[in-house]
Amino acid sequence: TTLLYTIKFEAMRIRLVVVRHGQTEWNAVNRINGQGNSPLTDRGVEESRDCGKALRQVVWDTVLVSDLGRTVETLECLGLQGELEDRLRDRNFGPYNGQFYGVYAKAKMEECQRLSRRNGKVSEMRSYSGSRSSCVLTYENGTRAGSAQKHKQTNKVTNGHCKWQDNPFYRVMQTEIEPVGVERYQDLFLRIGDVIHDVSHQLSQAGEGGEANVLFVTHCSPVRMCAMVLSSYAWEEEEFPGDLRKCDIPNNSITEFIITTNEQSHAIERAQLVKLASTKHLNV
């Protein structure tokens, strides 16, 4: 007699909530925190406590926090405990950590001009997150420096990871110029993507279906990157805003996603944006 066993796999539904840290002293005077650090202001402490009242209503399966001082302090104000995750750190601005944004913007412009004199011309200067500038270098033949072949977004997945060259945000990042020592956006995109994939895969593999709640306590740029990474898995284009790179991410704002994993591969199959940078929970 031959016995046949049917193994039934179930998809995992993961609720991912991403919180930006409370206001810091450098935030208050428009200086770059980056991977430097400054303590929370009184307002930052108070708003983090208000945020914690909402977050403590949830039973969290996983809480990950950037290991920088301001996010650790925020977690304490939230009244929660979590595991340190260095991949959730803010973007590293190198020599510009702690500098005013104008100093960094000037250095970025000078680097664009230097490369344009050597290789081509700066074809585009555009605003990025308010006063922060972004430049793209175009050679004389019309191609962009560092540009990748254009692909239509197809949500292809290989070994549990989306093909990032199909993500329109990632393609643009490959063309951008930064001063020496500043972490490139495409590298930040990849490390945030790795965290999301690792957590989703581990929970899906261990959970055998069902639901899980995950909380990230991190920084402005990583919050945006979470949205850009997960936009690769949207089934409908309108599920995510068209230009996530310019959206404002206030301190202590909450961004929320629903991630569905494949029942057999445990890879991310679909992502939906529930709320982006909401501050309704704050007493403002």
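**Exercise 1. Ala-277 and Asn-30**

Find the element in which Ala-277 lies, and decide whether Ala-277 is buried or exposed.

*Solution.* Step 1: Ala-277 lies in strand 10. Helices (H or I, at least four residues) and strands (E, at least two) are DSSP runs, numbered from the N terminus. This is a predicted model, in which local features need pLDDT of at least 70 and side-chain atom pairs count only at pLDDT 80 or more, while totals for chains, interfaces and linings use all residues. Residues are numbered from 1 along each chain as its sequence is written, and side-chain values use heavy atoms, with hydrogens and water left out.

Step 2: Ala-277 has a relative accessible area of 14%, so Ala-277 is buried. Buried means under 20% relative accessible area, exposed over 50%, and partly exposed in between (1.4 Å probe, protein chains only).

Step 3: Look at the backbone too. Ala-277 is not a glycine, yet its phi is positive, at about 55°. Asn-30, a residue other than glycine, also has a positive phi, near 65°. Asn-30 sits in the loop between helix 1 (25-28) and helix 2, and its relative accessibility of 41% makes Asn-30 partly exposed.

**Exercise 2. The sheet**

Work out the order of the six strands in the open sheet, then find which strands stand at the edges.

*Solution.* Step 1: The order is 3-2-8-1-9-10, with mixed pairing. Strand 3 (83-84) and strand 10 (268-278) are at the edges; each has a single partner strand, so one side of each lacks a neighbour in the sheet. Two strands pair if DSSP finds at least two bridges between them.

Step 2: Now follow strand 1. Strand 1 pairs with strand 8 in the parallel sense over nine bridges, and Ile-14 has Ala-212 as its bridge partner in strand 8. With strand 9, strand 1 runs antiparallel, joined by seven bridges; here Arg-15 stands opposite Ile-258. Seven of the nine residues of strand 1 are buried.

Step 3: Strand 2 (residues 62-65) and strand 8 (residues 210-218) run parallel and are joined by four bridges. Thr-62 has Val-214 as its bridge partner in strand 8.

**Exercise 3. Helix 2 against the sheet**

Identify the strands that helix 2 lies across, and what its buried residues pack against.

*Solution.* Step 1: Helix 2 (residues 42-55) lies across strand 1 (12-20), strand 8 and strand 9 (254-261), at about 165° to strand 1. Axes are lines fitted to C-alpha atoms, for helices over the stretch in contact, and angles run from 0 to 180 degrees between N-to-C directions.

Step 2: The buried residues of helix 2 include Val-45, Cys-51 and Leu-55. The buried residues of this helix pack against strand 1, helix 3, strand 8 and strand 9 (contact means heavy atoms within 4.5 Å).

**Exercise 4. Two crossing helices**

Describe how helix 6 and helix 7 cross, and name residues that meet there.

*Solution.* Step 1: The axes of helix 6 (residues 185-207) and helix 7 (residues 220-230) come within 9 Å and cross at roughly 70°. The two helices are therefore roughly perpendicular to each other (65 to 115 degrees; under 35 counts as roughly parallel, over 145 as roughly antiparallel and the rest as oblique).

Step 2: Among the residues that meet are Tyr-185, Phe-189 and Ile-196 in helix 6, and Pro-222, Met-225 and Leu-230 in helix 7.
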